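Please open the structure in your viewer and keep the selection panel at hand. The tour moves from one selection to the next, with a short account of what is found at each stop.

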Amino acid sequence: MRYSFYPGCSMEGTAVPYRKSVEPVAEALGMELEEIPDWNCCGATVASGVVGDYTQQVVAARNFALAEPRGLDVLVACSSCFLSLALTNKRFQEDADFHRAANEALAAAGLKYNGTLKVRQILEVMVNDVGIERIRARVKRPLTGLKVAGYVGCQTMRTLPWEFDDPEHPVVLDRIIEALGATATPFPMKTRCCGSSQTLPAEKILMGASREILESAAEGGAQMIVTPCPMCQLNLDSYQGRMNQLLQTSFAMPVLFFTQLMAIAFDLPPESWALKYNIVSPFQALAPLGINR
Amino acid sequence: MADCQVSPEAVRYDPAFSREVYALENGPQIKKCMQCGMCAVSCATRASMNYSPRRLFNLIKQGKKETVMKSNTMWMCTTCLMCKVRCPRGIAIVDVMHDLKNLAIDQGYVTHPQAAFYQAFWKEIWSRGRVFEGGVTARYFLKRGILGEIKTILSMKDVGMDMLRHSRMPLLPPRKIKGLGDLHKIIEKARSQRKEVS
Ligand code: SF4
Ligand code: SF4
């Protein structure tokens, strides 16, 4: 199981606990990740609002041109990067005019992409390449009794709807949570949008959405939320204090990357749990498992 | 229904604006809209929008340029993709929203704060090849004017301090990509091609 790995910009910044956990977890599962050399920002869901879809997708395609010689599937962990890269790749493969024009643009830097790669979302790889059984077999510290809400986020499953799992009620993350020995709690808001990049321009949107999501997780009895999306993780984790101040709520819901939970269940070295980066402390929830600060 | 209100205004459609929008990358899709309202009831941020996507598409058909371009609808879109998944006509509403943002920026309709955020984000890509979140934030506040935004900055300081305390906000940007010059050539070529096409 070898992959070209596209980490994405947030893993170099706010999503550092994702990066610190995803690589050791992948290794523990027998996956080899080779970072795409000199990768560039995929444009996320923002660049096309400034320069249009076409230019944004050409920017994203530079990464494929750099990765194609190795011929490995491109593994993407960030939901926004997956949206941008998967749609660009699909267009390369299905739209001949786009393929030709985009290659003219890439040729300005001596690059070319033939459209031979596959772009893979990390949850999909976890269940289809690695397999739930293999994940279960790797568990050294079963998370028995831990109640976890699997927050898939909005873009993760809706980028390529019905190509993998259900776009509104996906089950894949819950399966991973259960494979770790934990209990996946009922969570109707598991694909509700968290407010995304409205943090700076319109934080009210963020707080309204995050409040519904956190309340839904709490109602289901969850002791923590896990997610594969850097934006969701950051919004839900970093805004609880501010919401408690402004909305008179009393949230104390830890929000982890799902790979952090895997690192704990696999009993990998604590650096790979990367818990010091979590703003809402997870230690109360983890104490019954013998994990303390 | 608000759409049907009796109004003393003359009824005038402006096909020039609808044509302008239909010529955008995803513009032709708007013509397929049957006004069913599925996007309106599905939209994550409908409550904060001046007009639902359905109403916005209707306004585009009517050619109400100023109403459309000054509305916040496209700027409130968080790209959650719910509308795209549910639209019975298969319209990629979210991609139309990108086009409308793009058109608004090109024509100077940039008073909504999200426009500053989008421009700041693109500047980061252009100048480093990767996006440094601290850089986007700094550029955003510069664009909006530090003085006007001072209240926001101060009120956000707790969130920022929490992030700093947990090492979630590196203060220095990562290195620029090596192929930044190449990336610029690719972008410039792509933008010139786009002008030829439209
Ligand atoms: S869901 Fe689609 S067809 Fe229905 S109103 Fe919205 S854009 Fe039009
Ligand atoms: S993608 Fe945008 S327009 Fe569509 S449902 Fe989500 S927020 Fe609304």
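The stops below belong to a predicted model, and they lead from a ligand site to a loop and then to two annotated spans.

Begin by selecting ligand 2, and note that the space it takes is the largest cavity. Now display the residues around ligand 2, which are C43(B), A44(B), T45(B), C77(B), T78(B), T79(B), C80(B), L81(B), C83(B) and V94(B). If you colour this shell by class, seven residues come out as nonpolar and three as polar, while no charged residue appears.

From that shell, select T79(B), which is found in the loop that runs between α5 (73–76) and α6 (82–86) of chain B. Its phi is near 60°, a positive value in a residue that is not glycine. Is T79(B) buried or exposed? Its relative accessibility is 2%, so T79(B) counts as buried.

Next select L81(B), which is likewise placed in the loop between α5 and α6 of chain B. Here too phi is positive, at about 75°, although L81(B) is not a glycine. L81(B) counts as buried because its relative accessibility is 3%.

Finally, turn to chain A, where an unreviewed UniProt entry lists residues 4–85 and 148–237 under "domain: Cysteine-rich". Select residues 4–85 of chain A: this span is 49% helix and 13% strand, and its end C-alpha atoms lie 13 Å apart. Then select residues 148–237 of chain A, where the chain is 41% helix and 10% strand, with 15 Å between the end C-alpha atoms.

Definitions and conventions:
Residues numbered from 1 in each chain as written. Chains lettered and ligands numbered in written order. Predicted model: local features only at pLDDT ≥ 70, side-chain atom pairs only at ≥ 80, totals over all residues. Heavy atoms only, no water. Near = heavy atom within 4 Å. 1 Å grid on protein atoms, 1.4 Å probe; cavity = no way out; pocket = protein on both sides within 12 Å on 5 of 7 lines; lining within 4 Å. Sits in = over half its atoms within 2 Å of the grid points. Nonpolar A, V, L, I, M, F, W, Y, C, P; charged D, E, K, R; others polar. UniProt positions renumbered as here; feature names shortened; annotations may be inferred. Helix = DSSP H or I, 4+ residues; strand = E, 2+ residues; numbered from the N terminus. Buried < 20%, exposed > 50% of the residue type's maximum accessible area, 1.4 Å probe, protein only.
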